[in-house]
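I sat down with this model today and kept a short notebook as I went. Here it is, for anyone who wants to follow along.

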Amino acid sequence: KTIHKTFSVVSVSVATALVLSATGAFAAKPGSAPLPVCAVFYTDYAADSCNDKLQDLCNALEDAQSLKDRDEATMKSKDYGAVIKINEEKYEDAASKLMDIEYKLDQLVNAAKPKISEDDADAISGFLIGAQLCVDAL
């Protein structure tokens, strides 16, 4: 089947530098390392794409205030990787990327001193489950 992609970029403030890399779009928060930006939507016209669920997960990661930049970037890269794998019709690989996010989230929650708030973890987990159910149905 043919998959059509369109890219639309939501306007980003002047203070935020937008840098495109070979793996996607990244924006740097002032004074921090570049992070994947959820403001770049990868719209796939295939009916089974799950892109809306993966976008929701990305937004939840971006909204998690207690999440460190490094951990946010790691999980966003896995989310973005799942989008790529779905577009390549490699659904088991996409599911594996989401399992990587689940594993990382579990590590952060179950650390001796939790590295993410319970509220942020619950929000991410809810969107992660939605994305996993969608990908598992492909």
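The entries below go from the overall layout to the helices and their packing.

**Entry 1: ground rules.** I am working with a predicted model, in which local features need pLDDT of at least 70 and side-chain atom pairs count only at pLDDT 80 or more, while totals for chains, interfaces and linings use all residues. Residues are numbered from 1 along each chain as its sequence is written, and side-chain values use heavy atoms, with hydrogens and water left out.

**Entry 2: layout.** I looked up the elements and found 4 helices and 5 strands; helices (H or I, at least four residues) and strands (E, at least two) are DSSP runs, numbered from the N terminus. Their order from the N terminus is β-β-β-β-β-α-α-α-α. Of the 138 residues, 35% are buried; buried means under 20% relative accessible area, exposed over 50%, and partly exposed in between (1.4 Å probe, protein chains only). I also checked contacts, meaning heavy atoms within 4.5 Å. Among those with a separation of 6 or more, 62% join residues 24 or more positions apart.

**Entry 3: helix 1.** The 13 residues of helix 1 reach 18 Å from first C-alpha to last, close to the 18 Å expected at 1.5 Å a residue; the expected span is 1.5 Å times one less than the number of residues. I list its buried residues as Asn51, Leu54, Gln55, Leu57, Cys58, Ala60 and Leu61. Lys53 also lies in helix 1 (residues 51-63), and I note it as partly exposed because its relative accessibility is 34%. Beyond its neighbours within four places in sequence, Lys53 contacts Gly130, Ala131 and Cys134. Lys53 and Leu133 are 80 residues apart in sequence, yet their C-alpha atoms are 9.4 Å apart.

**Entry 4: helix 2.** I compared spans again: the 19 residues of helix 2 (residues 69-87) should cover 27 Å, and the end C-alpha atoms are indeed 27 Å apart. Its buried residues include Met75, Ala82, Val83 and Ile86, and also the charged-named entries Asp71, Glu72, Lys76 and Asp79. Just after helix 2, I spotted Glu89 with a positive phi of about 60 degrees.

**Entry 5: helix 4.** Which residues of helix 4 are buried? I find Asp120, Ala121, Ile124, Leu128, Ala131, Gln132 and Val135. They sit on the same side of helix 4, because they cover an arc of only 100 degrees around the axis (the arc of the directions from the helix axis to the C-beta atoms). On the other side, Glu118, Asp119 and Leu133 are exposed. The buried residues of helix 4 pack against helix 1, helix 2 and helix 3 (91-110).

**Entry 6: packing on helix 4.** Helix 3 packs on helix 4 at about 165 degrees, with the axes 10 Å apart; axes are lines fitted to C-alpha atoms, for helices over the stretch in contact, and angles run from 0 to 180 degrees between N-to-C directions. The pair is therefore roughly antiparallel, a label for angles over 145 degrees. Residues meeting there include Leu98 and Leu105 from helix 3, and Ile124 and Leu128 from helix 4.

For helix 1 and helix 4, I get about 160 degrees and 9 Å between axes, so this pair is roughly antiparallel too. Here Leu54, Leu57 and Leu61 are among the helix 1 residues that meet helix 4, where Phe127 is one of the partners.

Methods: Parallel < 35°, antiparallel > 145°, perpendicular 65-115°, else oblique.
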